[in-house]
Amino acid sequence: MLDIQLLRTQLDTVAERLASRNFVLDVVAFQSMEDERKTLQTRTQELQSRRNSLSKQIGMLKGKGEDASAVMAEVGGLGDELKSCEEQLGALQTRLNDFLARIPNLPNEAVPVGKDESANVEVRRWGTPRVFDFPVKDHADVGEPLGLDFDMGAKLAGARFSFLKGGMARLHRAIAQLMLDTQTGEHGYTECYTPYIVNPDVLFGTGQLPKFADDMFRVERGGEDGQTQYLISTSEISLTNMVKDCVLKAEDLPIKLTAHTPCFRSEAGSYGRDTKGMIRQHQFDKVEMVRITKPEDSYVALEEMVGNAEAVLQKLGLPYRVVALCTGDMGFSAARTYDLEVWLPAQNTFREISSVSNCEAFQARRMQARFKAETGKNELVHTLNGSGLAVGRTLVAVLENYQQADGSVVIPDALKPYMGGLEVLKPQA
RNA sequence: GGAGAGGUGGCAGAGUGGUCGAAUGUACCUGACUCGAAAUCAGGCGUAGGUGUAAGCCUACCGUGGGUUCGAAUCCCACCCUCUCCGCCA
């Protein structure tokens, strides 16, 4: 959420900066709601103030045993207008809050301006794509004889689900283990195990609600009419919201958290994209990194987190590039984002495998996550998140980059300790 | 699922219709004392918002949402959460 003061004082500048990320701010609607709010709120508070002081008088008079009926009559006359003012103000504030809640974050000044992904800026590359002396297969074709079963996924749950068995399932687990061990053992993140089902206010905190409800899976409890809950679409949600409604001590910062969780996405609106294979699934695993920092530390933290994600790709020997997203390509909550794109030989291109973002105070404001600053004032923290990495897509990259002419896949050295002696995945006869 | 207890400021903990935004303790900050620290003493110390150049003034907030009332932390209704015991259960 943006600071409403910023909208009040610099509406045009804000609108301009939002336009760079393809968001049209309805300046007229905001202005008229604000004008109405101002008069309504002033009037309501005036009336409340009047009622409070008269009521106090009644208390005092009655305490002394004197007649209070004249004052009671006066305060009684306030009732109707006060009630209507309070109702109107409440309704208006709901509208205003909803309006605010749907505005994306402002891009940081450093972000390259551009309309879509074609304006993203490559920052660096690592590794050299392998040269194959046989026809390269994509991961679906490589994986099928090795235990990657899309038909079984479809049978059990429909399209965009997969079923892994044998060495393939083991490889998937090994990848997650390597990532988690790297982030906890080498980069100082605290390992967490979190709920996969969360409450709506938690999704509001990180920005998935109210605008992106269609991207989520909703769940309801059997046998009860309770509040609707949601499956997490990333553990960024459950990790970041740890500090929701908190006033942290300055010395508690930075907080560095990681978790390996499944992620659930309805993928509404992505029909026809990446329908084949494991690139875009309704359920996938991810090792997530989250940092909660002081505002002045967040951009150093962002660069570090990109490095933390890169470390995993380097261990696996997978070529990749780092891309700075342009204004038009960033997610709703991000002020600055780097994507890591891994080399996929079958597609002969780089594909996103990690996204690392600094949300600055955008999520913190929604969550009311603050810390006690040196000045004694409570200040909003900055929140950052990034994949370290997406497990399913890493599996895809390993299958494609390590495939052999005979249809087998060599296990990268870094994964061998996690594979129980298995060094090659071989097609089952 | 059944029975019971409870949710108040960073924490602990009073408060059952009227100067209660809330005693007290503790933590924290400032000052005094001290060579310094501890102890002691004095003062300060919640959050969000409105308005104002500012000092300030005003509003809301005692789990959440409704209701009763001139007035609600306090009374009524619904819900949520935590804890204890019993039942069921991986």
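Begin by selecting glutamine 48 together with RNA strand B: in this predicted model, a polar side-chain atom of glutamine 48 is placed 2.7 Å from a sugar or linking oxygen of the strand. Move next to serine 49, where a polar side-chain atom lies 3.3 Å from a sugar or linking oxygen of RNA strand B. Then select asparagine 52, whose side chain has a polar atom 3.3 Å from a phosphate oxygen of RNA strand B.

The view may now be widened to the elements around the strand. Two or more residues of the surface near RNA strand B come from each of helix 1 (4-9), helix 3 (27-63) and helix 4 (69-76). Colour helix 3 separately, as this helix gives the most to that surface, with 13 residues.

Next, display every residue within 4 Å of RNA strand B. The strand is surrounded by 19 residues, and the closest are Arg8, Lys38, Gln48, Ser55 and Arg370. On the RNA side, 70% of the strand B atoms that come within 4 Å of the protein belong to sugar and phosphate. Colouring the protein side by class shows 9 polar, 6 charged and 4 nonpolar residues on the surface near RNA strand B.

For the last stop, keep helix 3 in view and add helix 5 (residues 79-101). The axes of helix 3 and helix 5 come within 9 Å and cross at roughly 145°, and the crossing is left-handed. The residues in the contact of helix 3 with helix 5 comprise 11 nonpolar, 8 charged and 5 polar.

Note on methods
Residues are numbered from 1 along each chain as its sequence is written. Chains are lettered from A and ligands numbered from 1 in the order in which they are written. This is a predicted model: local features need pLDDT of at least 70, side-chain atom pairs count only at pLDDT 80 or more; totals for chains, interfaces and linings use all residues. Side-chain values use heavy atoms; hydrogens and water are left out. A polar contact is a pair of N or O atoms within 3.5 Å; within protein, one must be able to donate a hydrogen and the other to accept it, and residues adjacent in sequence count only if both atoms are side-chain atoms. Helices (H or I, at least four residues) and strands (E, at least two) are DSSP runs, numbered from the N terminus. Ala, Val, Leu, Ile, Met, Phe, Trp, Tyr, Cys and Pro count as nonpolar, Asp, Glu, Lys and Arg as charged, and the others, Gly among them, as polar. Axes are lines fitted to C-alpha atoms, for helices over the stretch in contact, and angles run from 0 to 180 degrees between N-to-C directions. A crossing is left-handed if the near helix is turned anticlockwise from the far one by less than a right angle, and right-handed if clockwise.
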